[in-house]
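Q: Please take a close look at one part of this protein: the first helix and its surroundings. I would also like to follow the charged pairs from there to other parts of the chain.

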Amino acid sequence: MRRPETVEHLYLDFDGFFASVEQQKRPALRGRPVGIVPFAGTDRTCIIACSKEAKAAGCSNIMTVADARKRCPDIVLVPQSPDFYRRAHNALLAEIESVIPIEAVKSIDELACRLLPSDSNDPEALGHKIKRTLAEGIGPYVTCSIGFAANRQLAKIAGKTNKPDGITIWRPQDMPAPLFAVPMDDIPGIGSRMRARLWKARIFKTEDLYRTQPKQMRKLWHNVTGERLWYALHGYDIVAPQSERGMFGHGRVLPPDARTLPKAKEIARLLLIKAARRLRRSGYYCAGIWVWLAIRDGTWSAKRTLPIVHDDQAVLDGLYHLWHEAERAFPRGVTIFRVGVTLFDLSKDNTRQLDFLLNDDRDRRKWERINSAIDRLNRKYGKTVASLGAWNPPEGGHVGGKISYTRIPSAEDFW
């Protein structure tokens, strides 16, 4: 395992991405505290993302609108525009690639690059060149913070220490002192549960974690991830293997007038069709469906096994069975704030094995042919012109094409 002697990686993180894109697009928002919300017309929701001005006033992502208004009475609420953010993301990547090749797009607002040898000597100049290119090609209101280090993990941590619009360079010869100044909670992979486990092991700060042995880190994480983190924190150039996809799913915060079981069911149906379309486009089948509801007093969820399928009729049949369970669980109704659907237990389409006890292959192939025809029509017209059942998206739209920090929507997600 190699331990670089110079800076080899950069990690770029856009500052308040969704809000700053709105500010670049709409001059009236510039310099003002902005909060992105799922839909217009209600205060009974949360801030999905906020601008650096709103953060400076004490607001944060995933904060209720009521709390945000208490901290920042002047906050401007802007309904989300997911398709515009997708196009902005692609334009920003094109500008960055004119300066340096992108090694990995980690999310809609984060990416990583491996430095060319000519850039390792003066990473600060490279950082300023990227910022100038973005300002000239896109505009000055979409800013980014860039971290440079020996490996990707350290570069990511470094970049977050100087936000917004910063450039931070952690050279190998200066380590680990800059790392020790970072709170342990700011290290990727350490959430509240992991922190409690570390505290139990008498590891209270980043320096304690750094002094821990790699095998102990593996034991604390219960897998090799902990050991990989140890080597990353110690400056080794280690890259985790690419993970296999485990599910396809969508979730949505419900508008106030759609928080009943019948109306939530219709939105869940549309979300599930969108998930099944993504399943087919990616070349997968699924063998399970999971439905979950965020309700007033907590959550409700249920799962159901499916034949190995990817057509809309099969997954919708699973949804209706699970929804009957929800109706039995809440015979007098329930207030639903959020609904989610997930297709899991995946297999690639070239490894499908039918259940020899389930003699439905003839019907299955019929529904798959119907779905293929529907998919072709929708691709031809670039929107949903055909579907199983009515296609009536709720007010605000964006069913299956919402903001996501972890997944970059495709154009098809907005059909």
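A: What follows starts at the first helix, moves to the sheet beside it, and then turns to salt bridges and a few other sites. The model is a predicted one.

Helix α1 spans residues 17-25 and is mostly covered, with eight of its nine residues buried. The buried residues are F17, F18, A19, S20, V21, E22, Q23 and Q24. Buried here means under 20% relative accessible area. The cover over these residues includes the strands β1 (9-14), β2 (34-37), β4 (49-50) and β6 (76-79). Helices α2 (52-56) and α4 (82-97) are also among the elements that cover them.

Three of those strands belong to an open sheet, in the order β4-β2-β6, with mixed pairing. Because β4 and β6 stand at the edges with a single partner strand each, one side of each has no neighbour in the sheet. The pairing of β2 with β6 is parallel and runs over four bridges. In one of these strands, β6, V76 is the bridge partner of V34. Helix α1 packs on this sheet and touches β2, β4 and β6. The direction of α1 makes about 110° with that of β2.

Just before the helix, the loop between β1 and α1 holds D15, which is joined to a distant part of the chain. D15 forms a salt bridge with K163, and their closest N and O atoms are 2.8 Å apart. K163 sits in the loop between α7 (152-159) and β10 (167-169), 148 residues away from D15 along the chain. The two ends of this pair differ in cover: D15 counts as buried because its relative accessibility is 6%, while K163, at 35%, counts as partly exposed.

Helix α4, one of the elements covering α1, has a salt bridge within it. The side chains of D83 and R86 meet there, at 3.0 Å from N to O. D83 and R86 are three residues apart in α4, so about one helical turn separates them. D83 is partly exposed, with a relative accessible area of 25%, whereas R86 counts as buried at 13%.

After α4, the loop that leads to β7 (104-107) contains E103. Its partner R152 lies in helix α7, 49 residues away. The side chains of E103 and R152 form a salt bridge of 3.3 Å, N to O. E103 is partly exposed, with a relative accessible area of 36%, and R152 counts as buried at 19%. This pair is part of a network in which salt bridges with shared partners join R2, E8, E103, R114, R152 and D237. The model has 23 salt bridges in total.

For contrast, here are some sites in other parts of the chain. I336 lies in strand β14 (residues 336-344) and is buried, with a relative accessible area of 0%. Leaving out residues up to four places away in sequence, I336 touches L254, R259, T260, L261, A264, L293, A294 and I295. N371, in helix α15, is buried as well, with a relative accessible area of 2%. Under that sequence limit, N371 touches R280, D311, D312 and Q313. A nonpolar surface patch of about 280 Å² is made by L377, Y381 and V385. V385 lies in the segment after α15 (361-381) and counts as partly exposed, at 42% relative accessibility.

Methods:
Residues are numbered from 1 along each chain as its sequence is written. This is a predicted model: local features need pLDDT of at least 70, side-chain atom pairs count only at pLDDT 80 or more; totals for chains, interfaces and linings use all residues. Side-chain values use heavy atoms; hydrogens and water are left out. Patches are made of residues with over 30% relative accessible area and no salt bridge: like charges are joined within 9 Å, nonpolar side chains (Val, Leu, Ile, Met, Phe, Trp, Tyr) within 5 Å. Accessible areas come from the Shrake-Rupley method with a 1.4 Å probe; for residues, only the protein chains shown count as cover. A salt bridge is a side-chain nitrogen of Lys or Arg within 4 Å of a carboxyl oxygen of Asp or Glu. Helices (H or I, at least four residues) and strands (E, at least two) are DSSP runs, numbered from the N terminus. Buried means under 20% relative accessible area, exposed over 50%, partly exposed in between (1.4 Å probe, protein chains only). Contact means heavy atoms within 4.5 Å. Two strands pair if DSSP finds at least two bridges between them. Axes are lines fitted to C-alpha atoms, for helices over the stretch in contact, and angles run from 0 to 180 degrees between N-to-C directions.
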